[in-house]
Amino acid sequence: MSGTEATVATRLIHACIGTTKVIIKTACAVQDAQGLPLELRELCEQPGVIQALLESAQERFAEGQVTEDVSKSTEPLLKQLKQALGELLDIFRAAFPQDGDNRSKRVWKGARGVVFGRDSPLHKLLGTMQDILQLLEQKEMYVIGDKLDALQHLTAALAQDESGKNVHSGTGTLFSNESGTQTNHLQSGENNRQINNPAVYHEGPATTYNTFFSQGRPNRRPETPRIASSNVPFRREPDYINRKKLDDQITATLLGPGARAALVGLGGVGKSQIAIEYCYRIREQSRDIWVLWIHASNAARFEQSVRDVADLVKIDGRKNAKADIYALIRGWLRDERNGRWTVVLDNADDASFLVEGASRTGFTLFGCLPPVEHGTVLVTTRSETAALRLVDRGEIISVHPTEDHALALLEKKLGQHACREDLAKLARELEYMPLALAQASAYIQNSTPRCNVPQYLEMLGRSKKSKTNILSVHMEGLRRDHGASNAIMLTWQISFEQIHHLLSLMSFFQHKEIPAILLRTIDVARPASTASPLGNTKASESKARTARAEHGASKASSNVSADLVFEQDITTLRQYHFISVAPGDAMFEMHRLDQLAAQLWLMKSVRYQAWADRSIRHLDAALPNGEFENWQECRILHPHANTALDLRLHGRDACLSLASVLHKAAWFMKEQGQHTVAEAMTRRVLETNERMLGETNPSTLTSANNLVSVLLDQGKHETAGAMSRWALRASEKVLGREHPHKLASANNLASVLHEQGKHGSAEAIIHRALKTMEEVLGGEHHDTLLSVNNLAGMLRSQGKYEFAEVMIRRALEAREKVLRRDHPHTLASVNDLASVLYEQGRQKTAEAMFGQVLEAREKVLGNEHPDTLWTVWSLASLHRARHQYEAATKLYERAHWGLVKAVGPFHRWTVECFRQSTKAAEEARAAEETRATTLA
């Protein structure tokens with residue numbers, strides 16, 4: 001604010017304070033004030049209140065708390081107030097007796113100078129002053145509270161005093177009866193008038209004075225309300241962003257006589273801000289409408305708000321301790337003579353006390369807002385259930401955060417501090433929630449230049465704890481009810497206590513696509529500590545599946561009530577707008593900020609660990625292993641397994657459940673060709689099992705074998721070799737030579753040796769392992785067939801194609817029998833057979849077989865799966881061998897760039913594919929040159 005602007009406003013305030021001081025001094029100098037009419041004597045006490053309010057405004061200016069725009073807007077108001085105070089001073093000077101006045105003159109001046117009644121100069125002047133003072137309060141110059149109550153009561157009393165215009169008219173003379181008697185004595189003469197006023201000098205009873213001035217009126221005059229006004233307790237938001245569709249919906253819903261509407265949405269979505277803006281708009285459209293704001297967060301605040309409204313509209317009898325305030329309000333609102341009105345019922349999240357609590361006269365508390373043609377009601381609530389108890393379903397207006405509104409809000413608040421791209425990132429990060437955006441904007445504005453939008457985003461992304469901390473900071477000036485927190489994290493915790501069970505569980509999963517099975521799963525005995533290796537036996541999963549089926553059958557008859565409770569909980573969460581449900585789907589979605597707030601609430605209530613443990617047990621029970629038959633379930637649940645990596649678990653059982661979850665998730669990732677992700681998860685499982693179970697526990701050895709398998713897929717032969725040798729020695733020592741875990745370790749070691757070019761040693765180990773597997777597990781067991789396939793690969797690499805073909809056909813026949821034809825393992829055997837046929841020169845058959853495998857793999861695995869790309873690569877090599885370079889080049893290019901994306905640019909497969917692609921291009925150029933030379 002410039003110095004000139006500040007000087008104009010402060011100079012006006014100083015002048016107003018100076019006038020009030022003169023009025024106070026004038027009143028104090030009167031030793032005989034009781035000679036004045038009662039209302040004027042009471043008015044002597046009010047300038048001190050006005051002075052105190054103006055001094056508060058003066059302090060705000062001095063402290064630099066008033067903006068330039070506000071200062072400018074106050075200037076015309078302050079000028080009007082200065083003029084009004086001057087006029088009041090003139091009235092006081094005309095009416096107050098001076099030191100030299102005799103008794104008759106004193107009484108005469110008090111009588112002639114005061115004219116009462118509605119629209120009298122004094123009544124108009126006091127009403128104008130109060131309006132100006134309240135407008136200044138709306139500009140946050142000060143807080144009035146109940147300071148003007150006495151002045152309002154006095155103004156209302158003056159409006160009633162139509163017959164008490166104490167001005168003597170005529171040709172006679174006014175005399176004073178100073179005898180102290182209670183009768184008036186008239187001196188002879190036409191039109192002479194005598195006033196008996198013993199109360200002036202305390203010389204007799206005051207009854208004659210009261211009778212004269214009251215003209216038969218009761219001593220306690222009934223109050224008359226001022227013109228229609230508003231008690232909205234918040235200033236208008238200067239940065240409010242109109243939501244046209246929503247605003248139009250509110251206007252249309254409340255357009256009819258006696259209309260009602262309810263704004264329903266998550267805490268912090270902007271319901272109250274919308275209601276505030278609506279109130280100011282309707283007051284702009286018509287000053288004849290009462291706008292009455294009632295807090296409805298609990299019964300106590302509701303009652304106090306109702307009493308405040310009764311004071312505002314000056315309902316007679318409201319101060320009677322025996323009066324039913326609700327009946328008085330109901331009667332006033334029903335009386336059309338009082339004018340049109342709109343009531344805002346704010347924060348009515350629990351409607352039970354409104355519709356169940358009864359007033360003294362029998363109707364419900366909500367019944368004090370009668371359905372009349374000249375009144376409308378707007379409710380704000382988080383709960384759809386509460387809304388339906390107050391309005392009809394068709395009158396519910398859902399409020400949701402939107403991207404366009406969020407970005408417009410940030411641009412208005414922070415446009416000068418950041419680029420649009422950063423603002424869009426901030427809006428996305430904060431889920432487009434208006435309160436979170438306003439909180440962030442206030443934080444950045446208060447911290448400038450030390451904090452800008454990119455730095456705020458960095459703090460949000462640093463960690464979950466950092467995000468929770470910064471979104472829990474209380475910021476001032478966000479125009480929210482004093483009973484509501486200005487921090488988005490704390491705002492949502494209000495409702496958690498009532499609905500925390502399901503909400504707590506959901507807060508630990510991925511925020512999108514939460515399936516019902518995760519919320520309803522009952523723990524099933526699952527051999528988590530003895531889970532099978534990646535790509536190994538199905539036994540453990542079969543047992544778990546059987547256990548789930550048996551458990552479901554035994555509980556089917558008793559699950560009806562549990563289903564009802566679950567659906568009721570889901571309905572409650574939806575009605576509070578904490579979750580949403582995809583149409584026709586069993587998937588739920590929860591705001592990420594809701595999840596953070598829920599976890600913060602659980603930490604404060606020392607329940608975080610219990611619910612984190614429970615969530616991981618639910619996930620472990622729901623997530624199957626990575627077998628092909630389970631891929632659909634795995635795709636749904638895998639994001640939740642990723643989220644589980646961030647859980648802070650301490651108990652042994654919970655840590656082992658997490659290890660089980662990650663084991664199955666890694667299995668699925670390996671099958672999807674996501675080897676890097678699978679390796680990270682498997683290392684986490686191995687670390688947990690070593691810490692919790694020991695290095696020689698079967699589960700630990702299984703984890704080691706799984707890690708070897710993943711390392712081999714990535715060509716990390718040296719690390720895989722050391723791990724496989726350790727696992728083989730430990731398995732043989734702890735479990736014995738014929739245990740499946742030991743045989744799996746032997747199979748892995750053989751694969752490592754084969755990749756290192758030690759074919760003889762590898763073949764010898766795999767032969768021994770295969771023989772034992774056939775005896776222990778059977779010829780068609782998955783692990784046995786895996787060893788058969790590995791042996792075939794070793795024979796192929798040594799040029800023993802016929803023997804390799806025999807082994808591959810054996811594996812293919814068994815897999816087609818045990819598995820489906822489109823099972824990934826069956827397709828792997830077909831691909832291997834096509835390769836060995838190609839290597840034997842049977843290219844036509846091999847090409848047809850590669851084409852069948854490619855079509856099936858694209859359908860089952862997808863176009864970018866490493867196995868699919870391997871088949872593409874094989875077809876490219878076949879076309880190259882047949883000098884079909886154009887087709888070969890296209891296939892090589894697809895395979896190479898696909899592998900870059902799937903396994904990385906430096907993976908041995910990617911490098912080799914690129915080498916062969918380059919070689920094929922060179923051969924194509926050479927062939928073209930040869931053809932050109934021949935034609936020449």
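## Helix H12, His879 and where to trust the model

At the start of H12, the backbone nitrogen of Tyr326 has a side-chain oxygen of Asp324 within 3.0 Å. Keep in mind that this is a predicted model.

Staying with H12, which spans residues 325-334, the buried residues are Ile325, Tyr326, Ile329, Trp332 and Leu333. They sit on the same side of the helix, because the arc they cover around the axis is only 130 degrees. That fits the usual helix geometry: an α-helix has 3.6 residues a turn, so residues three or four places apart point the same way. What packs over this face? The cover for the buried residues of H12 includes strand S4 (290-295), helix H11 (299-313) and S5.

S5 (residues 341-346) is also where confidence peaks in the protein chain, at a mean pLDDT of 95. At the other end is helix H8 (residues 207-214), lowest with a mean of 32. For the chain as a whole, the mean pLDDT is 77, and 76% of the residues reach 70 or more.

Two stretches deserve some caution:

| Stretch | pLDDT | Contacts in the model beyond near neighbours in sequence |
|---|---|---|
| residues 110-114 | below 50 | 12 contacts |
| residues 523-533 | under 50 | 38 contacts |

Where pLDDT is low, the predicted coordinates should not be read in detail.

Now over to His879, which lies in helix H38 (residues 866-881). Is His879 buried or exposed? Its relative accessibility is 11%, so His879 counts as buried. Setting aside neighbours within four places in sequence, His879 is in contact with Glu847, Gln884, Ala887, Ala888 and Leu891.

Conventions. Residues numbered from 1 in each chain as written. Predicted model: local features only at pLDDT ≥ 70, side-chain atom pairs only at ≥ 80, totals over all residues. Heavy atoms only, no water. pLDDT = per-residue confidence, 0-100. Helix = DSSP H or I, 4+ residues; strand = E, 2+ residues; numbered from the N terminus. Contact = heavy atoms within 4.5 Å. Buried < 20%, exposed > 50% of the residue type's maximum accessible area, 1.4 Å probe, protein only. Arc of directions from axis to C-beta. Polar contact = N/O pair within 3.5 Å; in protein donor to acceptor, adjacent residues only side chain to side chain.
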